[in-house]
Amino acid sequence: MEFNKDLKVLDEYDVVVCGGGPSGIPAALAAARAGLRVLLIEATGQLGGVGTSAGVSHLLGARTQDQSRQVCVAGIFTEITEELARRGGAIHPLSIKHEKYSPHGWSAGLAEGVPFDPVQMTLLLDEKMLDAGVDILYFTQFVDVVVKDERITHVVAFNKSGLFSVPVKAVIDATGDGDVAARSGCTMVKGREEDGLMTPASLIFHVENVDQDATREYIEKHESNRFREIILELREKGEWTFPYEIMISVQLHEVGTMMINTTRICDVDGTDGRSISKGMMQGRREVNHLFNLLRTYFPGFENCKIRSVAPVLGIRETRRIVGDYVMTVADVATGNQFPDTIGFSGYGWDLPDPKRPSYQPMYEDQKTERKLYTPIPYRVLVPNPIRNVICPGRAISVERHVLGPLREQGPCYAMGQAAGVAASMVIRDNGAFQTVDTDELRAELRRLGAKVDWEPQPVAAN
Ligand SMILES: Cc1cc2nc3c(=O)[nH]c(=O)nc-3n(C[C@H](O)[C@H](O)[C@H](O)COP(=O)(O)OP(=O)(O)OC[C@H]3O[C@@H](n4cnc5c(N)ncnc54)[C@H](O)[C@@H]3O)c2cc1C
């Protein structure tokens, strides 16, 4: 049906950032600090995206996963995480002991991450936006765009005030799902090439009062950081009814408080409202059942209590833009260097099979190697054919397994900062994201303290 309505029109903004997650946060800050008038619209009531709203309070990918833990992402990521650590709301990775079973995931590789308190994080992010002069509209959903001559002229959004439109010079699509790119008619793909299926979703919960010494003792004795033998025994007894055989727990900023990143909900389409609602209800049922199993059978969890269940389902994969360049698995495997590098990831392959949630095809099937770090070219952020929209974060132009290293929150911060600076260049030149001078972009990012060149770094203390 047709739906015509006169919309209230807000004052013009230079940039509208849609989505306030790990890619939208630095994008908004970088654009505002470059002197632009910036509006950030966010569907929930807080910033942080998956890291806060979906409970994934462990920032990965900003350092290499080996013992040296070299910096891969700096700039706004470092500014925010170090300030949060100074306030006691995060743990600096260099203060985490490098050991075979680090409690921050019970794995040596995950010791590179930054575990944080989502409550303190959202407070800090509010302050950062206010300081930078970013206008924020919470509980506001991006709805649609008006496009003329391959440029977005208006963003249409909705909140408690109703539908409204915002005249805009450039848009940063940080929705994670490429909502803006998709609604403006950019070329997109979704999910697995052969059948469109996507990697499972998760409903995360946090528990407190975990006796980590008891957990560690069990893990070390059985050499089992994912508790497979307990799970298989429970499955025999008919009590473990889930289609996966792992229990992942990550200590957050306080000892005894753990993020349970375990549920794996198949067949969720994060771009389909009904599917998300169904996934959310299944997630809550699984969390409830899993929590009872944890208390009954998992060492150290006997007296744990639920601190929070995420109010938002954790979606790992939906749409991807198709830009001029689609980054390949071979690029990651060979450590291909790019002339337009705007950041790096230190994280590895991680995109579980859509139907077998504990199964990681890149490790177990294809056995593909990767280098210590992965450069991120600017081109993967730029969709086609719209000229004034850029898409940092999870919806980038890559073969889907490249999402493993690049979708983590650390690299999303790097992409977001680059998108914010690129927006200032596009607006200054009345140009297009496709024709940004990437030497100039890299020079400006360098000046701002972001990491765009790889140089050997001193080995970390631990
Ligand atoms: C279950 C799970 C576990 C993960 N584990 C880790 C981990 O341990 N460490 C790690 O670093 N990374 C992890 N990741 C990956 C990482 O969290 C995400 O890939 C990353 O947050 C993506 O950042 P983003 O900014 O692109 O999108 P998001 O984090 O999804 O942020 C998008 C934001 O946009 C908002 N939004 C979306 N659509 C609209 C709209 N139409 N209008 C207005 N606002 C909108 C959302 O509310 C959200 O705040 C995990 C992801 C999942 C789902």
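A crossing of two helices is left-handed if the near helix is turned anticlockwise from the far one by less than a right angle, and right-handed if clockwise. In this predicted model, the crossing of α1 and α3 is left-handed, while α2 passes α3 in a right-handed crossing. The model also holds a ligand with 33 residues around it, and the protein buries 94% of the 990 Å² that the ligand exposes when taken alone.

**Ligand surroundings**

- Among the 33 residues that surround the ligand, the closest are Ser 23, Glu 42, His 58, Leu 60 and Arg 407.
- By class, the shell around the ligand consists of 11 nonpolar, 16 polar and 6 charged residues.

**Polar contacts of the ligand**

- Ser 23 places a polar side-chain atom 2.7 Å from an oxygen atom of the ligand.
- Arg 407 approaches through its backbone: one of its N or O atoms lies 2.5 Å from an oxygen atom of the ligand.
- For Gln 141, the partner is a nitrogen atom of the ligand, which lies 3.2 Å from a polar side-chain atom of this residue.
- Taken alone the ligand exposes 990 Å², of which the protein buries 94%.
- Two or more residues of the shell come from each of the elements β4 (58-59), β7 (141-148) and α11 (409-429).

**Helix packing**

- Two packed helices are described by the angle between their axes and the distance between the axes.
- Helix α1 (residues 24-33) packs against α3 at an angle of about 20 degrees, and their axes are 9 Å apart.
- Angles under 35 degrees count as roughly parallel, so α1 is roughly parallel to α3.
- The handedness of the α1 and α3 crossing is left-handed.
- Helix α2 (residues 76-86) and helix α3 (residues 118-132) have axes that come within 11 Å and cross at roughly 125 degrees.
- α2 and α3 are therefore oblique to each other, and their crossing is right-handed.

**Backbone features in loops**

- The peptide bond that joins Asn 384 to Pro 385 is cis, and its omega is near 5 degrees.
- Pro 385 sits in the loop between β17 (374-377) and β18 (389-390).
- Asp 149 has a phi near 50 degrees, which is a positive value in a residue other than glycine.
- The loop that holds Asp 149 runs between β7 and β8 (151-159).
- β7 is also one of the elements that give two or more residues to the shell around the ligand.

How values were computed. Residues numbered from 1 in each chain as written. Predicted model: local features only at pLDDT ≥ 70, side-chain atom pairs only at ≥ 80, totals over all residues. Heavy atoms only, no water. Near = heavy atom within 4 Å. Polar contact = N/O pair within 3.5 Å; in protein donor to acceptor, adjacent residues only side chain to side chain. Areas by Shrake-Rupley, 256 points an atom, 1.4 Å probe, with all protein chains shown as cover. Helix = DSSP H or I, 4+ residues; strand = E, 2+ residues; numbered from the N terminus. Nonpolar A, V, L, I, M, F, W, Y, C, P; charged D, E, K, R; others polar. Axes fitted to C-alpha atoms, helices over the stretch in contact; angles between N-to-C directions. Parallel < 35°, antiparallel > 145°, perpendicular 65-115°, else oblique.
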